[in-house]
Amino acid sequence: MAIQVQGTQFHLKGKHVSYIFSLYKERFLTHIYWGKRFESDCDLSYFPDEFIYSRANAVHVRLDETNHMFMSDLQLEFSVFGGGDYRLPTFHARYADGSTVSEFTYEGYRIMDGKPQLKGLPSTYDEGDAQTLEITFRDSRTGIRAVLLYTIFEEYDVITRSIRYENCGTERADILSAQSTTVDFYGQDYKMLTLEGDWLRERSMEWRKVGHNTMTVESRRGMSSHMCNPFIALAETNATENGGDVYGFSLVYSGNFAASAEGNSCGGTRVTMGINPFNFEYPLSPGEQFQTPEVVMVYSDTGLNGMSNRYHRIYRERLCKGIYRDAERPMLINNWEGTGTHFTKEKLAEIARGGKALGLELFVLDDGWFGKRNIAGSLGDWYVNRDLLPDGLEGIANETKALDMKFGLWIEPEMISPESELYRAHPDWCIHAEGRNRTLCRDQLVLDLTRAEVRDYVVDVICKVIRSADISYIKWDCNRNITETASMRQTHDFVMGLYDILDRITGAFPEILFEGCSGGGGRFDPGMLYYMPQTWTSDDTNPIRRLKIQHGTSVVYPPVTMTAHVGKIDVGKEGYNHFLNTCAMVAMAGNFGYEMDLSLLSEDELEQAREYVEMYREIRPTVQFGAFYRIESPFEGRFVSWEFVDDTRAVLFVYQTEKESNGAERKIKLSGLDPNANYRCRDRVYSGEALMKVGLRVPLQRYEYFADCYVMEKLEG
Ligand code: GLA
């Protein structure tokens, strides 16, 4: 049993991890332990320890005649406003009488095999390999129930948490904050990792020391955003890539989120994560329910790499779904960086033919094909521009098919241009506040997906587009964030509306590969990955800057989910092009493709470009479905290395981002190999043990930038 209950103690047991908490004095769910797996079933009921001393301004919890606790010393799993816990609450609501104080008491628990679906929300799913614990609390005065859901994926060493609120009373409550998780850690000897950024520099790794008071990362843009990812990790101060305790929190949600680490004066650290309480107020009438999104929680005692390995596995196998979950993803050529919206039918055909000559498998037509997009904004008018494509999408799809390639298309369904016919017909269909300006961004507005008729229109028109030609792939873009929300609940309802249309559209076309995009990687989050198993990582395809973007993204997201293309390159060099090589080696460490006007490449460069396609075809299963290790970091120096490994081989990418004169050669120690097996690499045989303990020698190069790929094939016997 992955979930064990001993008296008032609950134990979630994974293959290598234990998560233990208990019910204390029938009122408090107290956190006891999260870390390496307990082998014995020991009784930890002496936690929390009761002691007597005084704390100023702290609220006592009287236990009996002589003993008491202070609220500030209790490590809680669920906390409400009122009653003396001054830390950030899990739940905060305003009741009909205007009061915002709650008082929840324990009602009971139940254990279920499997994992229930969260209504209307994306989440990890089980395949008979998870168990769920439900713990119910009830607010004595209003009758509101809080149902805490804990799921353990035993094989994956992953715990998910969320909370469902049910109004079983007779009066309305307005939820002011409904967090998905609260975990109170002992001590403050932690640093916090976040993934910060902007357009063209998404997901930079940023560390801060946990101290007193609250550090919060958040989005207030209505979407998860380029600026901050819905993820934090708390790591022991001395944890590294390969050692030390690390605790990851990743929210399966694509809207406004907040994650906080709060050091309190009594020496503990509280982590809270969920929907951002900023501008959030959600009415819950009698009979209604509110489900929070889920947090996926991962513990690793082998540093950050150990945490990332666990996220990669669960997200690849129990978040992404559909036929492409386990299928190799096609190598594509996209016209965007080559032509922008200024293309002709002939140019597109030329790019597709060029891609075919390289060995690519899918041609993607990006923005500019619909309405009057190449003249004025037409977002919302999803019919083909016949001036540009007289034979419609069908014509270009058929030409692509004739090359024995698949055809893919770009769309941006959540948007509306003020210049569009749709806007003229429905000026009230965009998100706006009456009597206020409608702020434009990229000359466009956001459709109000909280309205059923708008959602129905989007589903209908997009399904028609997809059915109009033989389409195998869709790139779903979203190029602005939300500004004027008219009501407090609107941003959350927008996200729920988006999930509804994604569910309906992706559900109608299970054979199509969907890719998320948002001005590059502005919505690279687990919520989107549930519907679309890959995301455009960034609009920046410069390989040196991409190293940081892909390195940071890999902290949570598996490389197969990160699309990475060779984009604009320095062309026209004689002979071997090192810039092209670096671009390709960086892109090959993800979900690989090209995005350029191939006619700008010389014959030599085209030959070089073709070799990368061949090489990626060979290593694709390992890169897309193997384990991934970060070895050297672009955030720390001029050398970067990444390893992919499965049962058949290891693939090591090495990069040098600056020239170094007279430096030392590198010895790169690999991970995850079979110590008893031999590996062949470039006509030499190495033992797995030696590659892990001594390392592979990588010579320094005299080039300004340089990249190489070492493939180590595992030998039989
Ligand atoms: C966004 C995407 C690009 C491209 C353009 C088209 O910026 O990230 O890849 O599709 O939109 O307008």
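Mentor: Before we start, contact here means heavy atoms within 4.5 Å. Also keep in mind that this is a predicted model.

Trainee: Thanks! Which elements do the buried residues of α10 pack against?

Mentor: Start with the helix itself, residues 578-588. Its buried residues include H578, F579 and L580. They pack against α9 (543-553), β31 (562-566), β32 (591-594), α11 (603-625), β35 (649-656) and β40 (706-714).

Trainee: Is helix α10 largely enclosed by the rest of the structure or largely open, and why?

Mentor: Buried means under 20% relative accessible area. By that cut-off, 11 of the 11 residues of α10 are buried, so the helix is largely enclosed by the rest of the structure.

Trainee: At the start of α10, which residue has its backbone nitrogen approached by a side-chain oxygen of N577?

Mentor: Look at the beginning of the helix, where N577 offers a side-chain oxygen. That oxygen reaches to within 2.9 Å of a backbone nitrogen, and the nitrogen belongs to F579.

Trainee: Now the ligand. How much of its accessible area does the protein cover?

Mentor: Let's take the polar contacts first. Oxygen atoms of the ligand lie 2.7 Å from an N or O atom in the side chain of D367, 2.9 Å from one in the side chain of R442, and 2.8 Å from a backbone N or O atom of G520. On its own the ligand has 310 Å² of accessible area, and the protein covers 97%.

Trainee: And how many residues of the shell around the ligand are charged?

Mentor: There are 13 residues around the ligand, and among those that come nearest are D366, K475 and D539. The shell divides into four nonpolar and three polar residues, with the charged ones numbering six.

Notes: Residues are numbered from 1 along each chain as its sequence is written. This is a predicted model: local features need pLDDT of at least 70, side-chain atom pairs count only at pLDDT 80 or more; totals for chains, interfaces and linings use all residues. Side-chain values use heavy atoms; hydrogens and water are left out. Buried means under 20% relative accessible area, exposed over 50%, partly exposed in between (1.4 Å probe, protein chains only). Helices (H or I, at least four residues) and strands (E, at least two) are DSSP runs, numbered from the N terminus. A polar contact is a pair of N or O atoms within 3.5 Å; within protein, one must be able to donate a hydrogen and the other to accept it, and residues adjacent in sequence count only if both atoms are side-chain atoms. A residue is near a molecule or strand if one of its heavy atoms lies within 4 Å of it. Accessible areas come from the Shrake-Rupley method with a 1.4 Å probe; for residues, only the protein chains shown count as cover. Ala, Val, Leu, Ile, Met, Phe, Trp, Tyr, Cys and Pro count as nonpolar, Asp, Glu, Lys and Arg as charged, and the others, Gly among them, as polar.
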